[in-house]
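Reader: I've got a few "how do you know" questions about this one. Shall we go through them?

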Amino acid sequence: MAAPSPNLELRPLGNTGLKVSSVGFGAAPLGRVFGPVSEDEAIASVREAFRRGINFFDTSPYYGGTLSEKMLGKGLKALGVPRNEYVVSTKCGRYIEGFDFSAERVTRSIDESLERLQLDYVDILQCHDIEFGSLDQIVNETIPALQKLKEARKIRFIGITGLPLGIFTYVLDQVPPGTVDVILSYCHYSINDSTLEDLLPYLKSKGVGIISASPLAMGLLTENGPPEWHPASPELKSVCQAAAAYCKEKGKSITKLAMQYSLSNKDISSVLVGMNSVGQVEENVTAAIELAKFGKDQETLAEIEAILSPVKNQTWPSGIQKS
């Protein structure tokens, strides 16, 4: 298979030395968490993503009860390219049966993940949604276990993920500098919620790579709206729906605007968005390439921000989501 097209910007990921595509492939939908996806569709979407310049793929054993990892593994194998041409991130500590951040479980977890992904190592192993565990256990037990996996060359870098932004400062202030390489924040750098921005100088001072997931706010910033289980307040859902309708009237796509808003901050290494079809890959890559060529649609963006201003930075309690 041909090497990735050079159209998509590659950005440095903190101090890791890795360069990741500005658009990252979120593989949760390959686990059928948002609806049916065939194996052929899954493989085709991974191939198209790589062909269009996406080199960063993110999954978790939690997504689809391990199905996402298996599907992504098949897709990556089908690329038929050298392993160093793509960056893979998976997670540990959160499983379909619950949370377990013990050293024993996360150590076993990586072996299971590698088997499903058909890989010898992952580039990044992230502690998944750490607000549901004891943050002190993460600092004193989980991360030291991950450091041993690093020494064993099963993983290259260590990350942490979660919804509340305070978890990142809590952990990073307690571990030696350079211990945690990457953070993954979600739903805090999109048109309706940009609170991650306040944390960027701190994260940069720690040399941490920054991944922002869910630029569409888990479906709020789409014409179809969020899934039924979305934990946002009725007010937030209603205002986002109004913003999407306004965009549609103007012949604009709120999804594209949301992607471009998130991509425009170059302190964020990669914007992760869930994809499960060639069409979705095309849409997301096109949004990034158009942004690079023409810049943001400032006029429409300002109008959308005005509509969303009553609910700006309104978040929701962590963990209310579909299992």
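**Charges, globule and core**

Author: Sure, starting with charge: this is a predicted model, and in the protein chain the mean positions of the 32 positive and 38 negative charges lie 5 Å apart.

Reader: What makes a charge count as positive or negative here?

Author: Lys and Arg go in as positive, Asp and Glu as negative. On that basis you get the 32 and the 38.

Reader: How do you know that the radius of gyration agrees with a compact globule?

Author: For 323 residues, a compact globule would come out near 20 Å; the protein chain has 18 Å, so the two agree. Along the principal axes, its C-alpha atoms fill a box of roughly 55 × 45 × 35 Å.

Reader: And what share of the residues count as buried?

Author: The cut-off is under 20% relative accessible area, and 55% of the 323 residues count as buried.

Reader: Why is the largest nonpolar core called a core?

Author: The name applies because its members are buried nonpolar residues joined through side-chain atoms within 4.5 Å. The largest such set has 105 residues, and Phe25, Phe57 and Val171 have the most contacts inside it. Helix α4 (residues 135–151) gives this core its largest share, 7 residues.

Reader: What is Phe25 in contact with, leaving aside its neighbours within four places in sequence?

Author: Contact means heavy atoms within 4.5 Å, and the partners of Phe25 include Leu30, Val46, Phe57, Leu272 and Val281. Across the protein chain, among contacts between residues at least 6 apart in sequence, 77% join residues at least 24 apart.

How values were computed
Residues are numbered from 1 along each chain as its sequence is written. This is a predicted model: local features need pLDDT of at least 70, side-chain atom pairs count only at pLDDT 80 or more; totals for chains, interfaces and linings use all residues. Side-chain values use heavy atoms; hydrogens and water are left out. The radius of gyration is taken over C-alpha atoms; the globule rule is 2.2 Å times the number of residues to the power 0.38. Buried means under 20% relative accessible area, exposed over 50%, partly exposed in between (1.4 Å probe, protein chains only). The place of a charge is taken as NZ of Lys, CZ of Arg, CG of Asp or CD of Glu. Helices (H or I, at least four residues) and strands (E, at least two) are DSSP runs, numbered from the N terminus.
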